[in-house]
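These are my notebook entries on one protein model. I looked up its elements, its core and a few single residues in turn.

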Amino acid sequence: MRECLWTILRCPITKGALREMDVSEIKELNNRISKGELVHFDRILVKREITAAFVSINGQFVYPVEEGIVILLQNLAIVLDESGLDRTRCFENETKSVQDFYDQVGWQKEDGGLFVDALKFEDVRPVSKDYIHKCHLRVNRHLKPSGKYFLDVASGPIQYPEYLSYSTDFDVRICRAVAQIVLFSL
Ligand SMILES: C[S@@+](CC[C@H](N)C(=O)[O-])C[C@H]1O[C@@H](n2cnc3c(N)ncnc32)[C@H](O)[C@@H]1O
């Protein structure tokens, strides 16, 4: 699993390769975090210590691993080296507003178990339920049935269980939302 991650993971800022940090590097990093020396890319102070992480090959940015998920988020990258950093390009307005919408509104779950995004933009009437369910499953006809990696761009939180059927026979599903990239083994 680790070997395959190394070959496909890329730093979202430098676009270069990443490598896993070793125990002594994590210790040193946590030492700096506890002294309040480090900030994230969006300039927020790093507060939480980490247990595992990937670092860009040039040693500039660190991406923590939390609960087995590599947090490949530009604005949550921990900056080890500020040199040559062009912060003016860190967020385009449109991207930021889409991210804010999904973080604050779209991916909130309502009492009935549906997400606000679905309630706002999809047909969630009971009369459509069976048809929509079949539509979701029909997507399988157009996908490769199995393989190593399944890339789900703009995945959101995998809001319907049918979506999981798309990657049943893949080794790893890679989910990309504005706010995050998550990788998990299937
Ligand atoms: C309408 S939701 C669809 C979610 C999911 N694919 C589904 O069918 O339920 C749109 C998703 O696209 C993501 N998104 C929008 N712009 C994006 C971008 N430039 N890069 C990656 N994800 C993006 C949003 O964060 C949101 O999760």
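**Entry 1: confidence.** I began with pLDDT, which is the predictor's confidence in each residue, on a scale from 0 to 100. It applies here because this is a predicted model. For the protein chain I found a mean pLDDT of 87, with 86% of the residues at 70 or more. I then looked at the elements: helix α5 (residues 129-138) has the highest mean pLDDT, 97, and strand β8 (residues 181-185) has the lowest, 55.

**Entry 2: the chain as a whole.** I noted five helices and eight strands in the protein chain. Read from the N terminus, the order of elements is α-β-α-β-β-β-β-α-α-α-β-β-β. Of the 186 residues, 19% count as buried. I also looked at contacts between residues at least 6 apart in sequence, and 48% of these join residues at least 24 apart.

**Entry 3: helix α2.** I asked what the 12 residues of α2 should span at 1.5 Å a residue. The expected span is 16 Å, and the end C-alpha atoms are 16 Å apart, so the two values agree. I next counted the buried residues of α2 and found one among its 12 residues, which leaves this helix hardly covered. After α2 comes Gly36, and its phi is positive, near 75°.

**Entry 4: the nonpolar core.** Which residues of the largest nonpolar core touch the most other members? I recorded Phe54, Phe61, Val62, Tyr63 and Ala77, out of 19 residues in this core. The elements that contribute two or more residues to this core are β2 and β3 (61-66). I followed Tyr63 further, leaving out residues up to four places away in sequence. Tyr63 touches Leu18, Ala53, Phe54, Val70, Ile71, Leu72 and Ala77.

**Entry 5: Leu73.** I located Leu73 in the loop between β4 (69-70) and β5 (78-79). Is Leu73 buried or exposed? A residue is buried if 20 or more other C-beta atoms lie within 10 Å of its own. Leu73 has 20 C-beta neighbours inside 10 Å, and therefore it counts as buried. I also checked Leu73 against Cys11: the two are 62 residues apart in sequence, and their C-alpha atoms are 9.0 Å apart in space.

**Entry 6: strand β6.** I counted the buried residues among the eight residues of strand β6 (residues 146-153). The number is zero, so β6 lies largely in the open. I then looked for its partner and found that seven bridges join β6 to strand β7 (residues 169-176), the two strands running parallel. In this pairing, Asp152 stands opposite Cys175 in β7.

**Entry 7: two residues with positive phi.** I noted that Arg43 is not a glycine, although its phi is positive, about 75°. Arg43 is found in the loop between α2 (23-34) and β2 (53-56). How many other C-beta atoms does Arg43 have within 10 Å? I counted 10, and a residue with 12 or fewer is exposed, so Arg43 is exposed.

I recorded a positive phi for Ile158 as well, near 55°, and this residue is also other than glycine. Ile158 has its place in the loop between β6 and β7. Because Ile158 has 16 other C-beta atoms within 10 Å, I entered it as partly exposed.

How values were computed. Residues are numbered from 1 along each chain as its sequence is written. This is a predicted model: local features need pLDDT of at least 70, side-chain atom pairs count only at pLDDT 80 or more; totals for chains, interfaces and linings use all residues. Helices (H or I, at least four residues) and strands (E, at least two) are DSSP runs, numbered from the N terminus. Two strands pair if DSSP finds at least two bridges between them. Two residues are in contact if their C-beta atoms, placed from the backbone, lie within 7 Å. The expected span of a helix is 1.5 Å times one less than its number of residues. A nonpolar core is a set of buried Ala, Val, Leu, Ile, Met, Phe, Trp, Tyr and Cys residues joined through C-beta atoms within 7 Å.
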